[in-house]
Amino acid sequence: ECTHCISCSGSALLCLINDLLDFSKIQSGRLELDMRSFAPHECIDRTLEIVQLKAEAKGLELVPWVSSDLPRVTTGDPGRLQQILLNLLSNAIKFTSTGRVCLRCHLCAVEGLLRFEVQDTGIGIAPETMARLFQPFVQADATIARRFGGTGLGLVISRELAQRMGGDLTVSSSGPGRGSTFSLWLPYRPPSPPLLRGAPSLPIFCGAPGTLTAMVVHSDSAVVEALGEQLR
């Protein structure tokens, strides 16, 4: 028990230090991005692996919904994308006591944007509070700050990173007790042809169309939708 407490305290202190360092870089205009070609599916998988145990410990269902139209290679900063997704998923798990946390990823072809949505069935957000969420050192209210902890910098840093990469981060909620959705938009930048040819290929089914049939049964419609998309 003491070892677990020390580990949790160390992790919390490390997160605090990293947030303060990133915030200071943003304030001084010295935040740098590592723009390169990468596979978004791999970034998503790594992030989900990190938060999976936290979700299981709270009895939450972690539902990945990755559309088949999500490009297998794009250009951006994979480390910063993972940082944003990790922050959003960790917050969703922290503020959700029952139900699920869903990560939806797809390409908006018309706008040329990659969209990542983190939806939860948690405590929700009051309309008058949403405008303050992206202000430094601000949380929903003092009661939530005392109950859940945190620095109030994660969302500020995440939005700044999104905007530095040419995108944005927004939030919506139907109110307290009705969950929330954080939407990350990033421009889709195709890699150069040589990099695209050398990218890792994703597994596919080679059977002829119509030869495979699957029935998905689950009590949660979001899980059925996510699995159905992955089976297409």
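This report walks through the helices, strands and packing of one protein model.

**Getting started**

The model is predicted, so please read each value as computed from that prediction. The protein has 232 residues, and buried residues make up 41% of them. Its secondary structure consists of eight helices and seven strands. About 13,100 Å² of the protein is exposed, with carbon and sulfur atoms supplying 57% of that area. If you look at contacts with a separation of 6 or more, residues 24 or more positions apart account for 72% of them.

**The sheet**

A good place to begin is the open sheet of five strands, where the order is 2-4-5-7-6 and the pairing is mixed. Strand 2 (61-66) and strand 6 (168-172) are the edge strands, and each of these pairs on one side only. From one strand to the next, the twist averages 15°. Helix 2 (residues 40-57) packs on this sheet and touches strand 2, strand 4 and strand 5. The direction of helix 2 makes about 170° with that of strand 2.

As background, strands of a sheet pair through backbone hydrogen bonds, and the pairing may be parallel or antiparallel. Here are three antiparallel pairs to find in the structure:

| Strand pair | Sense | Bridges |
|---|---|---|
| Strand 4 (residues 100-108) and strand 5 (residues 113-120) | antiparallel | eight bridges |
| Strand 5 and strand 7 (residues 180-187) | antiparallel | eight bridges |
| Strand 6 and strand 7 | antiparallel | five bridges |

**Following the pairs residue by residue**

Strand 4 and strand 5 form a hairpin with four residues between the strands. Within this hairpin, G112 takes a positive phi near 70°. To trace the pairing itself, find L107, which stands opposite L114 in strand 5. Another match to look for is C105, whose bridge partner in strand 5 is F116.

Strand 5 also pairs with strand 7, in the antiparallel sense. There, V118 has F182 in strand 7 as its bridge partner, while D120 is matched with S180 in strand 7. Moving on to the pairing of strand 6 with strand 7, you can spot L169 opposite L184 in strand 7.

How many of the eight residues of strand 7 are buried? Seven of them are, so strand 7 is largely enclosed by the rest of the structure.

**Helix 6 and its neighbours**

Helix 6 lies across strand 6 and strand 7, and runs at about 135° to strand 6. Helix 6 (residues 154-164) also packs with helix 3 (residues 78-94), at an angle of about 145° and with the axes 10 Å apart. Is the crossing of helix 3 and helix 6 left-handed or right-handed? The crossing of these two helices is left-handed.

Which residues meet where helix 3 and helix 6 come into contact? From helix 3 come R80, Q83, I84, N87, L88 and N91, and they meet G154, L155, I157, S158, L161 and A162 of helix 6. Sorted by class, the contact of helix 3 with helix 6 has six nonpolar, five polar and one charged residues.

**Putting it together**

For a second look, start from strand 7: this strand pairs with strand 5 and with strand 6, and helix 6 lies across strand 6 and strand 7. From helix 6, you can then step across to helix 3, with which helix 6 packs.

Methods:
Residues numbered from 1 in each chain as written. Predicted model: local features only at pLDDT ≥ 70, side-chain atom pairs only at ≥ 80, totals over all residues. Heavy atoms only, no water. Axes fitted to C-alpha atoms, helices over the stretch in contact; angles between N-to-C directions. Left-handed = near helix turned anticlockwise from the far one by under 90°. Contact = heavy atoms within 4.5 Å. Nonpolar A, V, L, I, M, F, W, Y, C, P; charged D, E, K, R; others polar. Pairing = 2+ DSSP bridges. Buried < 20%, exposed > 50% of the residue type's maximum accessible area, 1.4 Å probe, protein only. Areas by Shrake-Rupley, 256 points an atom, 1.4 Å probe, with all protein chains shown as cover.
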